[in-house]
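Trainee: I should like to look closely at a single part of this structure and to understand how it sits among its surroundings.

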Amino acid sequence: MLRIRELGKTYANGVHALNDVSLDIPRGMFGLLGPNGAGKSSLMRTLATLQEADHGSVTLDGENGEPIDVLRDKDAVRRQLGYLPQDFGVYPKVSAEDLLEHFAVLKGLTARKQRREVVDALLQQVNLWDARKRKLGTYSGGMRQRFGIAQALLGSPRLVIVDEPTAGLDPEERNRFLNLLAEIGENVAVILSTHIVEDVTDLCPTMAIMNKGQVLLTGEPGVAIEALRNQVWRKQVSKAVLGDYESRHTVLSTRLVAGNPVIHVFAPERPEEGFEQVAPDLEDVYFQRLRQQARHAAHAEAA
Ligand SMILES: Nc1ncnc2c1ncn2[C@@H]1O[C@H](COP(=O)(O)OP(=O)(O)OP(=O)(O)O)[C@@H](O)[C@H]1O
């Protein structure tokens with residue numbers, strides 16, 4: 001559906017935000033996972049035709065099978081694109097219904113009757129029908145994000161990009177929002193950028209992990225998890241010796257359980273007495289890739 005090849009971007013301050021990024025993004029939900037500053041927003045904004053890349057190519061399968069050159073044919077992309085930016089702002093004094101109608105006009109839905117139908121259907125789809133007359137300033141974070149999805153879906157896009165949409169949502173709102181995305185993902189390609197591992201675990205059949213402008217892994221979460229089988233070990237340790245463990249082993253994560261750290265260590269065999277093997281999950285995959293990248297960078301620096 002979307003083919004990204006060797007996309008590069010260096011900002012004027014010298015930050016390499018995209019370092020030869022190559023990805024194949026199929027129809028359905030695609031999770032783009034990475035910590036803050038990984039380059040996710042730079043990639044999303046480039047795909048959404050809002051900023052230029054330095055080099056590389058991006059091709060989107062068009063409706064009629066014709067490939068669209070995303071970096072050059074921006075108008076064609078915009079006709080197929082829905083975008084929910086990370087910092088989606090709304091006019092607080094306007095009702096959801098009025099603002100969505102306004103966005104619909106901007107999207108080119110000029111026929112009044114048809115526009116009304118589209119706006120009403122979208123408000124129902126995102127479950128804001130009962131709150132449609134309320135001013136957006138009175139909406140909760142989750143409602144605002146669902147409104148953001150409604151505006152992204154105007155014009156029946158085939159590619160929907162949502163940038164860190166669940167940050168700041170409480171668990172119930174987050175679930176509601178993710179369920180909505182999953183429904184949309186049945187028909188179109190949805191790229192979900194997030195630093196929350198569970199967003200991807202719960203929802204995305206394909207994914208990529210990104211950090212420091214590089215793609216560290218791409219594929220199916222289940223396959224990546226399976227590749228770590230028999231190599232993740234858990235132990236409860238005291239805070240006093242945590243540093244020792246971190247210097248001796250590849251500690252993937254540390255979680256406090258009843259006040260004491262429980263560590264996950266990546267190792268081909270039992271690292272020491274007292275470690276028990278655990279079934280790996282996507283969080284282990286995520287941290288294993290980040291640690292591996294840091295280790296390679298340290299070796300490269302030392303060499
Ligand atoms: N306009 C800009 N000028 C200079 N540097 C930038 C600009 N935009 C982003 N950066 C830098 O590029 C890197 C990647 O940023 P980007 O926003 O793409 O990451 P991200 O993964 O989306 O993180 P976040 O979730 O914090 O937005 C960061 O180091 C960031 O500081």
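What distance does helix 5 (residues 141-153) reach from its first C-alpha to its last, and what span is expected at 1.5 Å a residue?

Mentor: The model is a predicted one, and the description of the helix should be read accordingly. Helix 5 comprises 13 residues, and from the first C-alpha to the last it reaches 19 Å, close to the 18 Å expected at 1.5 Å a residue.

The surroundings of the helix come next. Helix 5 is largely enclosed by the rest of the structure, because 12 of its 13 residues are buried; the criterion is 20 or more other C-beta atoms within 10 Å of a residue's own. The buried stretch begins with Gly 142, Met 143, Arg 144, Gln 145, Arg 146 and Phe 147, and it also includes Gly 148, Ile 149, Ala 150, Gln 151, Ala 152 and Leu 153. Arginine and glutamine thus appear in this list beside residues such as Phe 147 and Ile 149. An α-helix has 3.6 residues a turn, so residues three or four places apart point the same way.

The cover over these buried residues includes both helices and strands. Among the helices are helix 3 (96-106), helix 4 (112-125) and helix 6 (171-184). Strand 6 (81-84) and strand 7 (159-163) also contribute to the cover. After helix 5 comes Gly 155, which has a positive phi, near 85 degrees.

A second part of the chain may be set beside the helix. Strand 1 (residues 2-10) and strand 2 run antiparallel and are joined by six bridges, with Leu 2 standing opposite Ile 25 of strand 2. Five residues lie between the two strands of this hairpin, and in it Gly 14 adopts a positive phi near 90 degrees. Val 21 belongs to strand 2 (residues 16-25) and is buried, because 24 other C-beta atoms lie within 10 Å. Beyond its neighbours within four places in sequence, Val 21 is in contact with Ile 4, Leu 7, Leu 43 and Val 215. Val 21 and Ile 4 are 17 residues apart along the chain, yet their C-alpha atoms are separated by 7.1 Å.

For the wider setting, an unreviewed UniProt entry lists residues 2-237 as "domain: ABC transporter". Over residues 2-237 the chain is 34% helix and 28% strand.

Key: Residues numbered from 1 in each chain as written. Predicted model: local features only at pLDDT ≥ 70, side-chain atom pairs only at ≥ 80, totals over all residues. Helix = DSSP H or I, 4+ residues; strand = E, 2+ residues; numbered from the N terminus. Contact = placed C-beta atoms within 7 Å. Expected span 1.5 Å × (residues − 1). Pairing = 2+ DSSP bridges. UniProt positions renumbered as here; feature names shortened; annotations may be inferred.
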